Every structure is written in structure tokens, then in C-alpha cells.
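The exercises below are to be worked with the sequence and the model in view. Each task is followed by a solution in steps.

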2 protein chains.
Amino acid sequence: MPGSATIARLRRELARGTTELAVLSVLNVRRRYGYELMKVLRDAGEGVLEVKEGTLYPLLHRLEDSGHIVATWEAEGRSRPRKYYVITEDGRAYLAMLREEWSGLVDAMRQLLNTLGEVHE
Amino acid sequence: MPGSATIARLRRELARGTTELAVLSVLNVRRRYGYELMKVLRDAGEGVLEVKEGTLYPLLHRLEDSGHIVATWEAEGRSRPRKYYVITEDGRAYLAMLREEWSGLVDAMRQLLNTLGEVHE
DNA sequence: CCCGATACCTTGTCGCGCAAGGTATCGGGT
DNA sequence: ACCCGATACCTTGCGCGACAAGGTATCGGG
């Protein structure tokens with residue numbers, strides 16, 4: 001059945017870029033560690049925003065390299081240390097920009113779909 | 001200024017996959033030729049949905065190959081022939097699926113952004 | 001006569017998402 | 001005693017859409 005494979009592909013392409021927005025939005029509330037972020041995003045929105053490990057960890061490293069977030073290792077009282085991420089001032093500004101871009105896209109698409117929504121002819 | 005380059009990059013990543021939805025939505029109303037589609041999308045939504053030639057033409061070919069649209073050359077009474085595209089029954093079904101995926105993503109993001117929207121701590 | 005618009009096309013590069021692999025610890029079940 | 005799933009981090013290689021940059025050809029206006 002090619003349908004399910006197609007679905008997965010287009011879902012991936014549609015969600016592209018939104019991961020960054022989703023991650024920064026969650027970190028904007030409070031600090032989180034990587035594995036925790038995965039669970040938060042999986043539980044939100046019926047799995048639509050689910051992020052795989054191979055996506056999340058490189059993304060976090062990119063955000064850290066560009067100064068949008070900072071990481072601190074913490075292991076006090078437990079083994080299996082966790083790497084906590086905190087959003088920076090720079091990151092908040094970037095997040096605001098991202099949200100604007102996103103709502104701009106959503107508005108444009110909504111307008112297009114509403115205008116042309118009715119099946120003609 | 002790295003900001004404008006960054007903006008272009010994230011706008012491109014965010015819009016990824018929506019082009020297919022936009023093109024099929026326009027074709028769902030009536031047939032269009034490639035160059036015309038470019039103008040329609042550029043004029044809609046303040047340029048947010050603008051598509052470049054290097055994106056549109058390969059996309060149309062992919063949609064044709066998978067049977068979602070069909071093309072017919074037309075040049076009657078004029079030189080510079082145009083290649084008109086018409087959506088198929090199969091294409092309409094695919095479009096419906098795409099729209100569902102898109103609204104699912106938008107809903108999930110809206111929920112996430114509303115829940116976490118307020119800046120805490 | 002040249003240049004911009006019209007109208008189609010292609011090749012190569014960039015960068016994200018992911019599959020698939022890896023390491024290591026911990027706790028519960030049998 | 002042993003195994004396995006969950007926790008928690010990481011990497012390499014591939015697929016694929018968007019685009020920059022190039023190409024071809026015609027038409028009309030300044």
C-alpha cells in the first residue's frame with residue numbers, strides 16, 4: 001500500500017521547520033532536557049508534532065551553536081546525567097520572529113483555501 | 001547582516017510542502033498554465049506563497065507523473081504555446097488528504113502555542 | 001535594436017527529517 | 001542470575017523539496 005508511505009512523506013514535508021518553533025516554544029516556558037522534550041512533543045497534539053531522536057538532538061546542537069539556547073549537564077543525586085536546555089534572550093527574539101513567520105504563512109494559506117475552497121465547475 | 005539570510009532560510013523551511021497544497025488548491029478551481037500559477041501565487045497572500053520557477057516546474061511534473069494532474073499543450077491563435085494543467089479525480093482525493101494533514105498540523109501548533117504562549121517564570 | 005515580459009525547461013547545491021545504528025545505566029519480571 | 005524495556009545521550013548516510021543559476025525562444029514597446 002503506497003498510501004501510508006505517501007502520508008508519512010507529506011506529513012514530514014509539511015511539518016518541516018515547525019520543529020524549531022515547537023521546541024523553542026516549549027523551552028520558552030521552562031527548561032527541559034532532550035529526552036523530556038521528545039515526550040512533551042509526542043504527547044501534545046495527538047502525535048502530529050512527534051520528533052524523532054535523529055531530528056531533535058542535531059536540532060538542539062544547532063540552536064546551541066547559534067546561541068538561541070544554552071545547555072548544562074546535571075547529575076546531582078542520580079546517575080544517567082541529563083542535559084538541560086535553557087532559552088536565551090537571543091532565543092526569545094528569534095522565537096518571536098519564528099512565530100510571526102508561522103502565523104503569516106498560516107494566514108496566507110487560510111486566505112487561499114477560503115477563497116478557492118468551494119469546488120467549482 | 002545575517003538576519004535576512006536566516007529569515008529566507010526559515011521561511012523556506014516553514015513553507016516546505018505547502019506549495020503542493022497551494023498549487024492543487026488553485027487548480028481545483030480551474031485549469032491554469034505554469035507561468036500563470038506563478039503569478040496567482042505571488043499575488044495571493046502578500047508574496048508569502050511565492051514560488052520560484054525552479055520549484056514550480058519540477059513540482060508540476062511530479063504531480064503529473066503521479067496522476068494528480070494532466071497537461072495539455074495549447075497554442076491556437078497564438079505562438080508561445082502554453083501548457084495547461086487540469087486536476088484529476090485522483091488529484092482531488094489527494095488534495096482532500098493534504099488539506100486534512102495541513103489543518104491537523106495547524107491545529108496542533110495553535111494548541112501548543114496557546115497553551116505555552118504566556119511567558120512564564 | 002535592445003530589453004523586459006512571457007513561457008517553458010534543467011542541473012547542482014543546501015539543509016532538514018529520519019532510519020538505523022551505537023553507548024551506557026537502571027529497574028522489574030521470571 | 002539474566003534479560004529486556006525504558007531512560008538518556010549521540011552519530012552517519014540517505015531522501016527530497018526549494019532554490020539559484022543557467023538555458024531556449026517569442027513578442028511588444030521605447
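How do the residues of the surface near DNA strand C divide into nonpolar, polar and charged?

**Exercise 1. The surface near DNA strand C**

Preliminaries: this is a predicted model, in which local features need pLDDT of at least 70 and side-chain atom pairs count only at pLDDT 80 or more, while totals for chains, interfaces and linings use all residues. Residues are numbered from 1 along each chain as its sequence is written, and chains are lettered from A and ligands numbered from 1 in the order in which they are written.

Step 1. Collect the residues near the strand, that is, those whose C-beta atom, placed from the backbone, lies within 6 Å of it. DNA strand C is surrounded by 27 residues, of which A:Thr19, A:Gly54, A:Ser79, B:Gly34 and B:Tyr35 are the closest.

Step 2. Sort them by class. Ala, Val, Leu, Ile, Met, Phe, Trp, Tyr, Cys and Pro count as nonpolar, Asp, Glu, Lys and Arg as charged, and the others, Gly among them, as polar. The result is 7 nonpolar, 8 polar and 12 charged residues.

Step 3. Assign the elements, where helices (H or I, at least four residues) and strands (E, at least two) are DSSP runs numbered from the N terminus. At least two residues each are supplied by α4 of chain A and by α1 (2-15), α3 (34-43), α4 and β3 (82-87) of chain B.

**Exercise 2. The surface near DNA strand D**

Task: state which residues come nearest to DNA strand D and how the surface there is composed.

Step 1. Of the 25 residues around DNA strand D, the nearest are A:Gly34, A:Tyr35, B:Thr19, B:Gly54 and B:Ser79.

Step 2. The surface near DNA strand D comprises 7 nonpolar, 8 polar and 10 charged residues.

Step 3. The elements that each give at least two residues to this surface are α3 (34-43), α4 (53-65) and β3 (82-87) of chain A, together with α4 (53-65) of chain B.

Step 4. Examine α4(B) itself. This helix has 13 residues and reaches 18 Å from its first C-alpha to its last, close to the 18 Å expected at 1.5 Å a residue; the expected span is 1.5 Å times one less than the number of residues. Just after α4(B), B:Gly67 adopts a positive phi of about 80°.

**Exercise 3. The contact between the two chains**

Task: describe the side of chain A that touches chain B, and the relation between the copies.

Step 1. Count the contacts, taking two residues to be in contact if their C-beta atoms, placed from the backbone, lie within 7 Å. In chain A, 35 residues are in contact with 35 residues of chain B.

Step 2. On chain A, two or more residues come from each of α1 (2-15), α2 (18-29) and α5 (89-116). The largest share, 13 residues, belongs to α5(A). By class, this side has 19 nonpolar, 8 polar and 8 charged residues.

Step 3. Superpose the copies by least squares on the C-alpha atoms of residues with pLDDT of at least 70 in both. A turn of 180° with a shift of 0.0 Å along the axis lays chain A on chain B with an RMSD of 0.0 Å. This is therefore the relation of a two-fold axis. The same surface serves both copies, with 100% of the contact residues of chain A recurring in chain B.

Step 4. Locate the axis. A:Arg16 is the residue of chain A that comes closest to the rotation axis, at 3.1 Å (C-alpha).

**Exercise 4. The sheet of chain A**

Task: give the strand order and identify the bridge partners.

Step 1. Two strands pair if DSSP finds at least two bridges between them. In chain A, 3 strands form an open sheet in the order β1-β3-β2 with antiparallel pairing. Its edge strands are β1 and β2, each of which pairs on one side only.

Step 2. Strand β1 (residues 32-33) is joined to β3(A) by 2 bridges. A:Arg32 has A:Tyr85 as its bridge partner, and A:Tyr33 has A:Tyr84.

Step 3. Strand β2 (residues 69-74) pairs with β3(A) over 6 bridges. Here the partner of A:Ala71 in β3(A) is A:Tyr85.
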